[in-house]
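Me: I'd like to go through this structure by asking why things get the labels they get. Could you show it to me first?

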Amino acid sequence: MTDKKELRSRAWYGKNDKDGFIHRSWMKNQGFPDHAFDGRPIIGICNTWSELTPCNSGLRVLAEGVKRGVWEAGGFPVEFPVTSLGETQMKPTAMLFRNLLAMDVEECIRAYGIDGVVLLGGCDKTTPGQLMGAASVDLPAIVVSSGPMLNGKWQGKDIGSGTDVWKFSEAVRAGDMTLQDFMAAESGMSRSAGVCMTMGTASTMASLVEAMGLALPTNAALPAVDARRTALAHLTGKRIVEMVEEDLKPSDILTKEAFENAILANAAVGGSTNAVVHLLAIAGRVGVDLTLKDFEIAKDIPLLVNCMPSGKYLMEDFCYAGGMPVILKELGDHLRAAKTVLGKDISDYAKGAENFNEDVIRTMQNPLRPASGLRVLKGNIAPDGAIIKPSAASDHLLVHEGPAHVFESIEDLKATIDDPDLPVTPDTVLVLKGCGPKGYPGMPEVGNMPIPGKLVKQGVRDMVRVSDARMSGTAFGTVVLHVAPEAQAGGPLGLVKTGDMVRLDTLKGTLDILVSDEELAVRRAEWQAEPEQYTRGYARLYIDHVLQADRGADLDFLVGKDTRTPWRESH
Ligand SMILES: CC(C)(O)[C@@H](O)C(=O)O
């Protein structure tokens with residue numbers, strides 16, 4: 001007799017009837033011996049590898065590392081593919097499909113006879129999509145991230161994914177860089193497997209995964225092609241078998257405190273604004289009451305990681321300086337008590353951490369910026385909130401008043417932004433509508449609008465920009481994002497007109513247009529939503545059910561979880 005809980009996989013592979021025969025026999029066509037089905041933990045390796053997701057192109061190697069570890073620990077590893085989302089390849093935006101991936105992951109984990117799962121992801125949306133899906137089933141789960149690409153190199157200098165693309169393309173528009181050089185830089189920027197080697201969204205999410213204790217220490221920063229990442233995958237395979245034995249589930253790890261640690265860490269690393277929608281969506285799955293207001297806990301956390309876009313180095317440098325364990329050590333008492341995949345407190349990740357380069361990883365006493373947390377804004381054009389990343393903004397624009405120039409759509413922006421007669425000055429506030437979850441659809445990374453051509457040529461590099469869009473985690477500028485509700489959902493952003501005075505006060509946390517309520521009521525009565533362009537399939541489902549940015553842009557019917565094991569057989 002044993003008091004051990006019967007493994008979930010026994011409902012598939014532990015039966016001596018027709019159903020057990022079917023489940024085992026067909027699996028045996030891959031050469032798995034009888035003892036693979038002897039009651040050992042079966043570990044799913046949920047792989048988002050795809051040639052169309054360059055960030056995840058190294059995941060096949062890591063999957064093999066995980067398998068070695070699972071076998072070594074006495075488990076049985078089975079790899080399965082799920083939808084993969086190539087951030088830089090998908091139109092209109094990979095974000096449209098994050099919830100589709102989450103559904104795919106959730107349904108696969110639930111439908112298959114596995115006891116625990118290793119999530120192999122890394123590209124921006126694959127990390128949150130996998131976590132959302134896994135949290136909704138709540139089997140033991142652990143992450144291995146793709147890891148960043150090697151530092152970009154070009155003309156003897158380090159160049160960073162995304163961040164330098166935005167800089168170079170503005171330089172071309174300003175006439176400061178030749179098109180030939182621009183094209184040549186492309187090959188030097190992406191030199192190995194892995195995700196953006198700036199602190200973009202992918203590395204941000206990997207850093208937060210580590211800060212939430214969902215992956216083994218050092219997972220965030222080890223370069224994708226560093227052999228130590230394959231060793232980490234091996235160790236992760238060993239650990240997930242133990243986690244199944246301990247019944248250590250996402251709901252044990254993803255507490256409110258873990259989300260608070262992610263928010264604190266996001267400030268310290270100068271992380272992506274996209275973390276906000278992803279953390280809110282993951283929290284919704286596990287039933288943690290996380291709101292935009294909770295992001296304010298980090299407003300006085302200093303910027304410690306000197307990586308682009310907020311600083312100058314890249315992820316390889318961050319890794320060699322000591323990586324996330326050093327950040328967790330610096331955060332020290334700010335960190336909340338929270339259990340990790342190791343079954344211990346998160347503070348355990350910081351033990352033995354050593355800072356090998358205090359310019360790359362600053363100390364609390366000598367930060368890059370004294371306060372780095374994202375700021376939440378509210379006001380008459382963002383009643384449910386908007387966000388701004390002060391560490392990537394220009395100090396002189398953080399409190400600003402100026403006339404709006406409105407782009408009614410992304411097409412309007414693209415057609416007019418380089419018009420030499422565009423009526424804008426450096427004080428103008430650029431406002432873009434129609435780029436929220438329903439509007440685009442999918443809430444793309446277009447919030448960091450280009451500076452109007454005539455101003456770029458005058459040397460202007462930043463202006464206040466406001467939209468219902470997101471922006472790349474690698475981008476910079478005084479950019480107000482995620483305005484909720486979005487214009488297409490009837491939010492007051494849709495009522496802004498060119499010439500309205502806009503007041504941004506990042507210090508007070510406000511964003512308003514100086515237009516009377518009466519005038520706004522008149523405009524509202526005349527307002528009409530744009531005609532829908534996506535009328536079928538998943539996009540239709542998405543538009544009908546997506547929640548606004550302040551609720552993580554999940555689908556309304558995916559919030560929460562269902563931890564039941566399917567009880568009906570397939571034959
Ligand atoms: C650079 C990208 C594609 O925009 C994204 O990966 C991000 O960091 O947000």
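Me: Which way does α4 cross α12, right-handed or left-handed?

Reply: α4 passes α12 in a right-handed crossing. Bear in mind that this is a predicted model. The axes of α4 (residues 98-111) and α12 (residues 274-286) come within 13 Å and cross at roughly 35°.

Me: What makes the contact between α4 and α12, residue by residue?

Reply: From α4 you get R98, A102 and E106, and from α12 you get V277, H278, A281 and R285. A contact here means heavy atoms within 4.5 Å. Sorted by class, the contact of α4 with α12 has three nonpolar, one polar and three charged residues.

Me: Next pair. Why is α8 called oblique to α14?

Reply: Start with the angle: the axes of α8 (residues 201-211) and α14 (residues 324-331) cross at roughly 55°, and they come within 10 Å. Angles under 35 degrees would be roughly parallel, and 65 to 115 roughly perpendicular. An angle of roughly 55° fits neither of those ranges, so α8 counts as oblique to α14.

Me: Which residues do the touching there, and what is the handedness of the crossing?

Reply: The crossing of α8 over α14 is right-handed. S207, E210 and A211 of α8 touch M324, P325 and L328 of α14. By class, that contact has four nonpolar, one polar and one charged residues.

Me: α8 also meets α11. Why is α8 called oblique to α11, with an angle of roughly 135°?

Reply: Same kind of check. The axes of α8 and α11 (residues 256-269) come within 8 Å and cross at roughly 135°. Roughly antiparallel starts over 145, and roughly perpendicular covers 65 to 115. Roughly 135° falls outside both, so α8 is oblique to α11. The crossing of α8 with α11 is right-handed.

Me: How many charged residues are in the contact of α8 with α11?

Reply: There are no charged residues in it, just four nonpolar and three polar. The residues are T204, L208 and A211 in α8, which meet N261, A262, A265 and N266 in α11.

Me: Zooming out, what are the domains, and how do domain 1 and domain 3 meet?

Reply: The domain assignment gives domain 1 (10-151 + 192-350), domain 2 (152-190) and domain 3 (375-533). The C-alpha centres of domain 1 and domain 3 lie 34 Å apart. Their contact takes 26 residues from domain 1 and 22 residues from domain 3. About 1,700 Å² is buried between these two domains, with carbon and sulfur atoms giving 61% of the area.

Me: Which three residues supply more than any other three of what domain 1 buries against domain 3?

Reply: T273, L292 and P309, which supply 31% of the area that domain 1 buries there.

Me: P309 again! What makes the bond between M308 and P309 stand out?

Reply: That peptide bond is cis, with omega about 10°, whereas most peptide bonds are trans. P309 sits in the loop between α12 and α13 (315-321).

Me: Where else is there a cis bond, and what is odd about M443?

Reply: The bond from Y440 to P441 is cis too, with omega near -5°. P441 lies in the loop between β10 (429-432) and α16 (453-457), and M443 is found in the loop between β10 and α16 as well. M443 has a positive phi of about 60° although it is not a glycine. Most residues other than glycine have a negative phi, so that sign is what catches the eye.

Methods: Residues are numbered from 1 along each chain as its sequence is written. This is a predicted model: local features need pLDDT of at least 70, side-chain atom pairs count only at pLDDT 80 or more; totals for chains, interfaces and linings use all residues. Side-chain values use heavy atoms; hydrogens and water are left out. Axes are lines fitted to C-alpha atoms, for helices over the stretch in contact, and angles run from 0 to 180 degrees between N-to-C directions. Helices (H or I, at least four residues) and strands (E, at least two) are DSSP runs, numbered from the N terminus. A crossing is left-handed if the near helix is turned anticlockwise from the far one by less than a right angle, and right-handed if clockwise. Ala, Val, Leu, Ile, Met, Phe, Trp, Tyr, Cys and Pro count as nonpolar, Asp, Glu, Lys and Arg as charged, and the others, Gly among them, as polar. Domain bounds come from an automatic or database domain assignment. Buried area is the accessible area (1.4 Å probe) that two parts lose on being put together, summed over both.
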